[in-house]
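Thanks for coming. I will go through the overall build of one chain and then its charged side chains.

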Amino acid sequence: MPYKCPIIILFAITLVSCGKQPKTEIQAPFNYTMEGSGDTTLIFIHGLAINQTYWENQVDEFMDHYTVITLDLPGHGASKLTTSPATVEGYANNIVEFVELLDIQNVVLIGHSMAGNVELLAYPQIKDNVIGVIGVDNFQELGEPFSEEGRKKIDSVMIVLKAHYKANVMKLFGELFSPLTDDLTRKRVTEGFVNGDSIMVTQLLTSIIDNSQYERSQMKKLEVPLILIESDMFPIDRSALKENCLAGYKIFTIDSTGHYPMIERPEEFNESLRAALRFIKSQKK
């Protein structure tokens, strides 16, 4: 069984326990686990109301050839929320701080759902460290600034959600599942939302919605192709990607899965991820 080295929030440690030569003591911004020792580092960033355990199938599959890092964003899993409100921008800064503290090179960012926006915001600050950006079931449609009417509709939905969170949260997120999503996945995801911190979830949802208005301009800052691993539930606006991914884009589609392909169809997901990593390697030549 490989040794795991989780880092508890704001608890100073050295890197000796992970088999690395220490440069200094660090204070990590969140709980994380590091496996493997490859020259390329895969950083898996989870989506809203879940945690790093959703990447377990990928850790087992890729740790023999890569350094694999999974993490609990603040307010998720074993990471406490240390700042309020919780925001996409705050999480992006956490990722930047983490990469800089550990001085990680040859990074591939892999972000599910909300974490796609986290990646877009983090990338310009650490682009010299990053060789690839992969989104998982996100960016099917790129956001644009809201109309006044659109803003009012969103605000009214958030008012109801905040007032009656448990009664409405899964109504709002009912499209996360495909007809073929298994019962265990449905239960796992539903419990994460229903039993999660309602204040944090609504704060983050507001931040995600607000941030989505600027996806097109943020995407134009990518100097590497954007790679997307998508479920087949929703159509993809390829024309928007072509217009805004100035360095190009590539899409891998997984059939018969919902919003969580990494746990719903792990073998197919891992196959797509391997192909994505080969593509990234080809771009470096």
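A residue counts as buried when its relative accessible area is under 20%. By that cut-off, 52% of the 285 residues in the chain are buried. Before going further: this is a predicted model.

Start with the fold as a whole. The chain has eleven helices and seven strands. Its radius of gyration is 18 Å, close to the 19 Å that the globule rule gives for 285 residues, so the chain is as compact as a globular protein of that length. The C-alpha trace spans about 55 × 40 × 35 Å along its principal axes. If we take the contacts with a separation of 6 or more, 73% of them are between residues 24 or more positions apart. On the outside, the chain exposes about 13600 Å², and carbon and sulfur atoms supply 51% of that area.

Now the charges. There are 26 positive and 37 negative charges, and their mean positions are 2 Å apart. Side chains of opposite charge can pair when their charged atoms come close. How many salt bridges does a search of the whole structure find? The count is nine. I will show three of them.

The pair on the screen is Glu223 with Lys127, where the closest N and O atoms are 2.8 Å apart. This pair links distant parts of the chain, with the two positions 96 residues apart. Glu223 sits in the loop between helix 8 (215-219) and strand 6 (226-231), while Lys127 sits in the loop between helix 3 (115-126) and strand 5 (130-136). Is Glu223 buried or exposed? Glu223 is exposed, at 52% relative accessible area, and Lys127 is partly exposed, at 35%.

Next, Asp155 and Arg151. Their closest N and O atoms are 3.4 Å apart. Why are these two separated by about one helical turn? Because they are four residues apart in helix 4, residues 148-163. Asp155 is partly exposed, with a relative accessible area of 36%, and Arg151 is also partly exposed, with 24%. This pair does not stand alone: Arg151, Asp155 and Asp210 are linked in a network of salt bridges.

The last pair is Arg265 and Glu268, whose side chains meet in a salt bridge at 2.8 Å, N to O. Arg265 is partly exposed, with a relative accessible area of 28%. Glu268 is partly exposed as well, with 30%.

That is what I have; I will take questions now.

How values were computed. Residues are numbered from 1 along each chain as its sequence is written. This is a predicted model: local features need pLDDT of at least 70, side-chain atom pairs count only at pLDDT 80 or more; totals for chains, interfaces and linings use all residues. Side-chain values use heavy atoms; hydrogens and water are left out. The radius of gyration is taken over C-alpha atoms; the globule rule is 2.2 Å times the number of residues to the power 0.38. Buried means under 20% relative accessible area, exposed over 50%, partly exposed in between (1.4 Å probe, protein chains only). Contact means heavy atoms within 4.5 Å. Accessible areas come from the Shrake-Rupley method with a 1.4 Å probe; for residues, only the protein chains shown count as cover. Lys and Arg count as positive and Asp and Glu as negative; His and the chain ends are not counted. The place of a charge is taken as NZ of Lys, CZ of Arg, CG of Asp or CD of Glu. A salt bridge is a side-chain nitrogen of Lys or Arg within 4 Å of a carboxyl oxygen of Asp or Glu.
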